[in-house]
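Here's a quick briefing to read with the model open beside you. It goes sheet by sheet, then out to the domains and the other chain.

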Amino acid sequence: MSHVEEMSHVEGDKKLDLLITGVGGQGAILASDIIGKAAVISGLPIRAAETHGMAQRGGSVVNHIRLGIDLGSMIPRKGADIMLALEPMEAVRYLDFLKDGGVVIVNTQPIIPVTVTSGLAKYPDVQEILDTLSEKYIVKAFNADDLAYEAGSRLAMNVAMVGAVSIYLPIPKETLIESVKALVPQKTVEINVRAFEMGRRKVEES
Amino acid sequence: MTMREYMLGNVAIARGLLEGGVQVIAGYPGTPSSEIIDTLASREDRDYYIEWSVNEKVAMEVAVGAAWAGVRSVVTMKHVGLNVAADPFMTLAYAGTKGGLIAIVADDPSCHSSQNEQDTRRYAQFALVPCFDPSTPQEAKDMLPYAFEFSEKFEIPVIFRPTTRISHGKSDIELGEIPVDKPAPHFEKLLDRWVMLPKNARPRHTHLLSIQQPMEDELAESPWNSLELKPDVRLGVIGAGIASVYAKEALQELGLEASFLKIGTYPVPKKLVLKLLDKVDTVLIFEELEPVVEEQVRILAQEAGLEVSILGKEGGFVPREGELDISAFLETLKKVFGLDIEHESGKVSLELAPRPPALCAGCSHRATFYSMRKVFGKDAIYPSDIGCYTLGIQSGTVETTLCMGSSISIASGLYHAGEKRPICCSIGDSTFFHTGMNSLLNAVFNKANITVTILDNRITAMTGHQPNPGVGFTVTGEPTVEVSLAELCRAMGAGSVAVVDPYNLEEIQEAFKAAKDFEGTAVVIAKQPCVISGKRAGIRRVPYIVDPEKCEGCKQCVKFGCPAIEFDEENKCAVITALCSGCGVCAQICKFEAIREVKR
């Protein structure tokens, strides 16, 4: 269980800066809400910043989550301990925020932007993205869309990713699951809890 | 026992209004302010009146009426909304209020979702009204009950100015009590206050000037300003609003000692500034956008004859544009002290594809723009407006965007300037009701030979699907008159008005051709519900697929720019993904009948 050593400093003071990156519509806000609600239940101060409005229409989005912090909601450059990337290219776009040697958890399922479908730009090779990330950071990569599908619905991808990052958070697993149950649509609780567990296992086993 | 909840800044602001006993709320949607009214409207136990107004000026006046009836009222808008509402606001400062009135004006440093990044604190200075500048969502909530009381005590409207990072920040919030008893409305006929004839306005101006110092003194003592003097430290830092928390955290990180003045109210608390200036040799002023605090500090230092080195926007130590953050503060320190702060970039050599926001798969605006361009051609001029459709810039049919409602009037100006090319402008339904109506009336009145396209997607989409006068229900979902855009345009004198379905390419292109040939102001209303709100309302369409046998790989459908259409380079064939919402436009574009509905 190498991650315990990697992140031991986090467990100490319960401060953790987490960046969630992805594409508008992927459920980055719900992912951050699950963590936020769980933080409040476990008595941790939390600050977060979100992308709304113009940036939502399929554009690139980035959410800042700061656990154990009672000042501002913006993570400084090179300040994030962990990045949770819901889409591979969006992991690279915000690397400026991640600490050297930080952890990046990547969903390897690409979403092709219109700039690529219309031939204006090229989507980089996913393996090349992962290789580049591995040079400086600790990378945990898997296809969270497929994992969520296995759990019962592709829509649970964001919750599978929360499960994946959960092992690093200074919040008990049970509290996070309680928060998942409270925030996802009632009919999908079972699928989402399963997705959470499967995501968590992916990182535990890596 | 104290209650803590995890909340969006705007939800915390809504809570603060409840804790302050608000009775009337009006506003016009605009990022980053919209969720305040969305939140208050969705509460079931409402003991207040709430509305989405047709524009900010109207909303301001509704709030004024309520405040003059002695109840606590609020008007919400984004920063540029105050430009629209400036007319009532400037004179309201003279007339004052009875019930507390808070104008919540949300600024957007960095233009995340805006056409400019004007600083509302300048309006407060201009109108001579106090301004509250929260540094965290918690403080934002806590300030509001105070702001109501302050407004009532001095009988003056106040500005409350969150920024994007407050409104769209999230935080654990400690909740307070919501009062149950609220005053009954009573309009007192104080004609020398409410009728701003010159003879009444002059003494009210004198009165407004006379309360400036007492207001500043009272605000200086409020919990929203704080001065922390460190003995034997010659460096002072002044942080305003949200910038103060960035400065504070950066100082803590670096272990740098400095006396610290946090400012949360305007007029700038001069007393506190002087106390700080007296104890330091150098003062660094960290505030977003305009040097509002900095200018006051410079004036004060000069008046008091203090030899203090003042560092801020002047000299380029702090940027005057864009939002600030902790990294920006570190950059400032680097400039000031030549500090060696390691700041190696995390950039890698991979080339990334840009991912700008785009119109949704099946968005009717894309279909309208496609047909508009087909009929009017590349030489025509295409003024446009503010809404989701501004994202249609890649369709080649958005060539101007200035402010709400400007598309039609700019089109008129282009025509009257003598432009001989065809002019076809576009404006959304909500934007048309907001200020586009005046522009259409003016275009008709002054005989502008232009085509006006109203992109009627039956909702105010960009800001999160708020109702407008065309949809038939109010903010709380209550049924109301559904104003007909077509009848409205005809009543304003438009000579040619057509209502068409933009998903039907033949129909809309015929309408555009007729409008282009029409001598005078022609209106084409492209009516089709927003795909997002349509889906929520239960509209289901059969998705489409490409028959690879028939596809010739001509890419005409790909060029349409729908996010649901991709191109398989290997098989030289278009592919429609699961994003397809079934609008069927691509099937009409395809010359080879290769696109058809999925068989059930």
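**Starting from one bridge**

B:Gly428 has B:Leu455, in E16(B), as its bridge partner. That pair belongs to a set of five bridges joining E15(B) to strand E16 (residues 451-456) of chain B, with the two strands running parallel. Keep in mind that this is a predicted model.

**The four-stranded sheet**

- Zoom out from that pair and you get an open sheet of four strands, ordered E15-E16-E18-E17 (chain B), with parallel pairing.
- At the edges stand strand E15 (424-428) and strand E17 (496-500) of chain B; each has a single partner strand, so one side of each is left without a neighbour in the sheet.
- On average, neighbouring strands of this sheet are turned by 20° against each other, if you ignore direction.
- Helix H16 (residues 406-416) of chain B packs on this sheet and touches E15 and E16 of chain B. The direction of H16 makes about 165° with that of E15(B).
- Helix H17 (residues 429-445) of chain B packs on the sheet too, touching E15 and E16 of chain B. For H17 the angle to the direction of E15(B) is about 130°.

**The seven-stranded sheet**

- Chain B also has an open sheet of seven strands, and here the pairing is mixed: the order reads E3-E2-E4-E5-E7-E6-E12.
- Its edges are strand E3 (49-52) and strand E12 (265-266) of chain B, and since each has a single partner strand, one side of each is left without a neighbour in the sheet.
- Inside that order, strand E5 (residues 101-106) and strand E7 (residues 158-160) of chain B pair in the parallel sense, over three bridges.
- If you want a spot to click on, B:Ile102 stands opposite B:Val158 in E7(B).
- Helix H3 (residues 56-68) of chain B packs on this sheet, where it touches strand E2 (24-27), E3, strand E4 (73-78) and E5 of chain B. The direction of H3 makes about 165° with that of E4(B).

**E8(B), a strand with partners in both chains**

- Is E8(B) largely enclosed or not? Five of its six residues are buried, so E8(B) is largely enclosed by the rest of the structure.
- Within its own chain, E8(B) pairs with E1(B) in the antiparallel sense over five bridges. One place to see this is B:Tyr6, whose bridge partner in E8(B) is B:Asp172.
- Across the chains, three bridges join E8(B) to strand E2 (residues 46-49) of chain A, and these two run antiparallel. Here A:Arg47 has B:Ser171 of E8(B) as its bridge partner.

**Where the chains meet**

- The contact takes 45 residues of chain B and 47 residues of chain A.
- On the chain B side, the elements that give two or more residues are strand E1 (4-8), strand E8 (169-174), helix H11 (242-254), helix H14 (326-337), helix H21 (556-559) and strand E20 (565-568).
- Which of them gives the most? That would be H11(B), with five residues.
- By class, this side of chain B divides into 22 nonpolar, ten polar and 13 charged residues.

**Domains of chain B**

- The domain assignment splits chain B into domain 1 (4-219), domain 2 (226-337), domain 3 (364-536) and domain 4 (544-597).
- The centres of domain 3 and domain 4 of chain B, taken over C-alpha atoms, are 28 Å apart.
- Eight residues from domain 3 of chain B and eight residues from domain 4 of chain B make up their contact.
- On the domain 3 side, helix H15 (residues 364-376) of chain B supplies the largest share, three residues.
- The domain 3 side has five nonpolar, two polar and one charged residues.

**Chain B as a whole**

- DSSP runs give chain B 22 helices and 22 strands.
- Along its principal axes, the C-alpha trace of chain B spans about 80 × 65 × 60 Å.
- With 600 residues, a compact globule would have a radius of gyration near 25 Å, and the 27 Å of chain B agrees with that.
- Of those 600 residues, 52% count as buried.
- Take the contacts in chain B between residues at least 6 apart in sequence: 77% of them join residues at least 24 apart.

Key. Residues are numbered from 1 along each chain as its sequence is written. Chains are lettered from A and ligands numbered from 1 in the order in which they are written. This is a predicted model: local features need pLDDT of at least 70, side-chain atom pairs count only at pLDDT 80 or more; totals for chains, interfaces and linings use all residues. Domain bounds come from an automatic or database domain assignment. Two residues are in contact if their C-beta atoms, placed from the backbone, lie within 7 Å. Ala, Val, Leu, Ile, Met, Phe, Trp, Tyr, Cys and Pro count as nonpolar, Asp, Glu, Lys and Arg as charged, and the others, Gly among them, as polar. Two strands pair if DSSP finds at least two bridges between them. The radius of gyration is taken over C-alpha atoms; the globule rule is 2.2 Å times the number of residues to the power 0.38. A residue is buried if 20 or more other C-beta atoms lie within 10 Å of its own, exposed if 12 or fewer, and partly exposed in between; C-beta atoms are placed from the backbone. Axes are lines fitted to C-alpha atoms, for helices over the stretch in contact, and angles run from 0 to 180 degrees between N-to-C directions.
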